[in-house]
Amino acid sequence: MAANTTGGVSFDTDEETELILESLDEFVAREVEPIVEELGDVYTNPRKGRRENGRWTDELLEAREEIRRKSAEAGFYAMNLPEEAGGDGISPVTWYRAKKHLATHGGGLERYALAGPEGPKPLLLQAEGEQREKYLEPVVRGEKSTAFGQTEPGVGSDSPNMETTAEKSEAQRASERSGAAAERDGDEWVLNGRKQWITNAPYADFVQLFARTTPQEEAGRYGGITCFIVEEDEYELGSYNNAVGAVGSQAEIVLDGVRVPEDRVLGEVDEAFYAAMDFLSLGRLELGAEAIGYSEYLLEAATDYVTEREAFGEPIGNFQQVSTKIAEGKAKTYAADAAGLKLAWKMAQDERTVMDASILKWFATNVLWEVADAAVQVHGANGLAEENPYMDLVHQARILRIVEGTDEIQLNTIAKSMGITD
């Protein structure tokens with residue numbers, strides 16, 4: 001998206017982006033909708049698409065994987081990544097518009113047409129040599145999926161205080177002290193701890209897992225944390241974290257003396273938290289885009305309903321209490337979209353975006369929460385029916401106010417950026 005002649009942000013959608021959005025619609029119609037239709041109530045009825053522990057059925061998993069692979073083949077899935085990593089290097093503005101546009105379809109299986117938590121994120125771009133071939137490239141192609149293992153049972157937003165540790169094996173320590181090369185079976189890190197609420201943990205081929213490698217008193221609050229690539233057969237799954245709206249998507253990861261070779265350190269030892277912080281704005285941009293897209297989807301559905309549904313001899317949209325709910329939702333969604341475009345534009349200019357990202361994440365997800373509740377309300381009892389998507393998006397809205405930093409964390413970040421708090 002080009003800047004206008006005064007140096008500000010242009011709100012026009014350029015021709016290339018329009019083509020991408022149209023092509024995404026065609027992809028959903030051609031590849032996703034037939035899969036959804038074939039799945040039938042396995043997809044629409046959560047009780048038929050989940051096992052007793054919450055895990056997705058094989059049919060749903062295969063559908064998700066098929067959509068990812070086909071999207072990657074079509075050039076959509078990871079198109080925001082640099083070309084050298086297998087993407088198309090599209091701008092943050094185009095990626096924002098694509099994420100938002102896809103969400104206007106309603107948040108079903110089509111969401112897997114663009115990389116989410118299971119897909120490649122900038123942190124994985126640190127992969128080098130064999131790491132790229134074995135982990136980065138297959139994820140970009142939609143052939144493998146990953147997860148981001150940071151949150152712990154007792155440590156949520158305060159992630160620097162994580163209790164998961166990684167220590168060098170005794171054999172490796174001895175070889176380093178002697179100056180000799182580490183023996184093959186000793187060139188390892190030993191991981192212990194637990195991670196919780198890890199999206200895609202039940203299905204990931206590997207996890208990008210954070211552990212403390214140097215104590216805080218030595219490395220500082222944000223130092224001393226390292227990211228490891230841990231493969232699916234090396235950790236145990238604990239309980240499924242069946243949060244409302246995300247049943248089967250998250251689980252606990254248990255690390256009990258897991259031995260990981262040195263060549264699976266991702267990035268620099270002790271520097272992982274700083275690397276992750278560099279990419280916070282992208283995650284918040286993506287969630288903001290999805291929240292705005294869902295809001296637009298709900299507003300369109302609500303508008304159609306209130307202009308057709310009649311009560312007391314006229315469309316219910318004629319009643320002020322109904323129309324005001326939708327109008328307020330439209331105004332707030334419009335404002336959130338403007339904030340999203342500004343954040344994306346600033347990211348494209350490599351400007352500092354910490355406060356902008358927190359503003360978008362907090363505002364857009366809270367707008368979705370209000371819009372989703374209003375959509376259910378104006379639909380009356382129909383809004384509560386299982387076959388309608390409105391309550392599903394209420395649940396999604398509630399989740400989005402917590403993941404990628406809670407409301408409170410976003411507001412605290414904004415206050416810090418303003419110089420109000422330390």
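How close do the axes of helix α12 and α13 come, and at roughly what angle do they cross? In this predicted model, the axes of α12 (residues 354-379) and α13 come within 9 Å and cross at roughly 155°. Because angles over 145 degrees count as roughly antiparallel, α12 is described as roughly antiparallel to α13. The crossing of α12 past α13 is left-handed.

## Two helix pairs

The residues that meet between these helices are easy to pick out in the viewer. From α12 come Lys361, Thr365, Leu368, Trp369, Ala372, Asp373, Val376 and His379, and they meet Tyr390, Met391, Leu393, Val394, Ala397, Arg398 and Leu400 of α13.

Now turn to another pair. Helix α1 (residues 15-39) packs with α5 at an angle of about 30°, and their axes are 10 Å apart. Angles under 35 degrees count as roughly parallel, so α1 and α5 are roughly parallel to each other. Here α1 passes α5 in a right-handed crossing. On the α1 side, Thr17, Ile20, Leu21, Leu24, Asp25 and Val28 take part, meeting Thr94, Arg97, Ala98, His101 and Leu102 in α5.

## Salt bridges

Side chains of opposite charge can pair when their charged atoms come close. How many salt bridges does a search of the whole structure find? The search finds 18 salt bridges, and three of them, including one within helix α1's residue range, are worth a visit.

| Salt bridge | N to O distance |
|---|---|
| Arg30 and Glu31 | 3.3 Å |
| Asp337 and Lys100 | 3.1 Å |
| Glu231 and Lys134 | 3.1 Å |

Let us start with Asp337 and Lys100, whose side chains meet in a salt bridge. Asp337 lies in helix α11 (residues 320-348) and Lys100 in helix α5 (residues 92-103), so the pair ties together parts that are 237 residues apart in sequence. Asp337 counts as buried because its relative accessibility is 15%, and Lys100 counts as buried at 12%.

The side chains of Glu231 and Lys134 also meet in a salt bridge. This pair links distant parts of the chain, with Glu231 in strand β5 and Lys134 in helix α6 (residues 130-140), 97 residues apart. Are these two partners buried or exposed? Glu231 counts as buried at 16% relative accessibility, whereas Lys134 is partly exposed, with a relative accessible area of 41%.

Which residues are joined into one network by salt bridges that share partners? They are Arg30, Glu31, Glu66 and Lys70. Within that network, Arg30 is partly exposed, with a relative accessible area of 48%, while Glu31 is buried at 19%. Glu66 has its place in helix α4 (residues 58-74) and is partly exposed, with a relative accessible area of 26%. The side chain of Glu66 also makes a polar contact of 2.8 Å with the side chain of Lys70. For a sense of its surroundings, Glu66 and Glu38 are 28 residues apart in sequence and 13 Å apart in space, C-alpha to C-alpha.

## A buried threonine in β5

Strand β5 deserves a second look. Thr226 is found in this strand (residues 225-231), and Glu231 of the salt bridge with Lys134 is in β5 too. Is Thr226 buried or exposed? Thr226 counts as buried because its relative accessibility is 0%, and under 20% is the cut-off for that label. The side chain of Thr226 is joined to that of Thr213 by a polar contact of 2.7 Å. Leaving aside residues up to four places away in sequence, Thr226 touches Leu209, Phe210, Ala211, Thr213, Val265, Glu268, Val269, Asp270 and Ala272.

## Two loop residues with positive phi

Finally, two loop residues have backbone angles to check. Phe312 has a phi near 55°, a positive value in a residue other than glycine. Its place is in the loop between β9 (310-311) and β10 (314-315). Phe312 is exposed, with a relative accessible area of 79%.

Glu404 has a phi near 60°, also a positive value in a residue other than glycine. Where does Glu404 lie? Glu404 lies in the loop between α13 (390-400) and α14 (407-417). The relative accessible area of Glu404 is 38%, so this residue is partly exposed.

Key
Residues are numbered from 1 along each chain as its sequence is written. This is a predicted model: local features need pLDDT of at least 70, side-chain atom pairs count only at pLDDT 80 or more; totals for chains, interfaces and linings use all residues. Side-chain values use heavy atoms; hydrogens and water are left out. Helices (H or I, at least four residues) and strands (E, at least two) are DSSP runs, numbered from the N terminus. Buried means under 20% relative accessible area, exposed over 50%, partly exposed in between (1.4 Å probe, protein chains only). A polar contact is a pair of N or O atoms within 3.5 Å; within protein, one must be able to donate a hydrogen and the other to accept it, and residues adjacent in sequence count only if both atoms are side-chain atoms. Contact means heavy atoms within 4.5 Å. A salt bridge is a side-chain nitrogen of Lys or Arg within 4 Å of a carboxyl oxygen of Asp or Glu. Axes are lines fitted to C-alpha atoms, for helices over the stretch in contact, and angles run from 0 to 180 degrees between N-to-C directions. Angles under 35 degrees count as roughly parallel, over 145 as roughly antiparallel, 65 to 115 as roughly perpendicular and the rest as oblique. A crossing is left-handed if the near helix is turned anticlockwise from the far one by less than a right angle, and right-handed if clockwise.
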